[in-house]
Amino acid sequence: MSVSHSKKIGTVGSDNWNSISRSEFPELSQVFQQIVEKNNGKGRVSQAVKRLCAVAIAIQLRSDALIVITIKRAIVSGASRDQVKEAIGIALMMNGGPVFEYGVRALKAFDTFNHKGDKSNG
C-alpha cells in the first residue's frame, strides 16, 4: 500500500460524504437511507455475512472509503480477520488479480480499526 493510500485509509470515513450528500441531495439521501435501513434490518442473512458481502463489493469497487466503512461495520458485527480474508478470496475469485491490491487494503483497514486485536485463525 502506498503512503498516499494508507493516509486515505486512516482519514476517510462515512461522516464527511454523508453530511455533504444530505445537504446537496436531500431527497436522494433520504431514499438511499431507507434502502440502507431496509437491508440492514433483521433477515435470514446474519449481519456479519451482510457486512462481509459489503467488504467484498467495496474491494470490487476499489473504493477506499467503502473499504473503511464496510470493515468498521464488519468488526462491529463480529466478523473475524479470517472471515475478512475469505471475503477477499471471494472478491478475488470474482475479479481476479487486481483484487489483491484492494484486498490487502481491506486487511490493513481491519488491522487499523479492530480494537480487539483479533489476528486469529478462527
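Reading a helical chain

I57 is found in helix α4, which covers residues 47-61, in a model that is predicted.

Me: How many helices and strands does the chain have in its secondary structure?

Reply: One begins by listing the elements in the order of the sequence. Here the secondary structure comes to seven helices and zero strands, and the pattern along the sequence accordingly reads α-α-α-α-α-α-α.

Me: Which residues form a nonpolar patch on the surface together with I57?

Reply: A patch of this kind is built from nonpolar side chains that lie within 5 Å of one another and that each have over 30% relative accessible area. In this structure I57 is joined by L61 and L66, and the patch has about 270 Å² of accessible area together. For the chain as a whole, the accessible surface comes to about 7,800 Å², and 59% of that belongs to carbon and sulfur atoms.

Me: Is T70 buried or exposed?

Reply: The word buried is used for a residue under 20% relative accessible area. T70, which is found in helix α5 (residues 64-76), has a relative accessible area of 10%, and therefore it is buried. Of the 122 residues of the chain, 32% count as buried.

Me: Which residues does T70 touch, not counting those up to four places away in sequence?

Reply: With those sequence neighbours left out, T70 touches A54, V55 and A58.

Me: What share of the contacts between residues at least 6 apart in sequence join residues at least 24 apart?

Reply: Among those contacts in the chain, the share that joins residues at least 24 apart is 68%.

Conventions:
Residues numbered from 1 in each chain as written. Predicted model: local features only at pLDDT ≥ 70, side-chain atom pairs only at ≥ 80, totals over all residues. Heavy atoms only, no water. Patch = residues over 30% accessible without salt bridge, like charges linked within 9 Å, V, L, I, M, F, W, Y side chains within 5 Å. Areas by Shrake-Rupley, 256 points an atom, 1.4 Å probe, with all protein chains shown as cover. Salt bridge = Lys/Arg side-chain N within 4 Å of Asp/Glu carboxyl O. Helix = DSSP H or I, 4+ residues; strand = E, 2+ residues; numbered from the N terminus. Buried < 20%, exposed > 50% of the residue type's maximum accessible area, 1.4 Å probe, protein only. Contact = heavy atoms within 4.5 Å.
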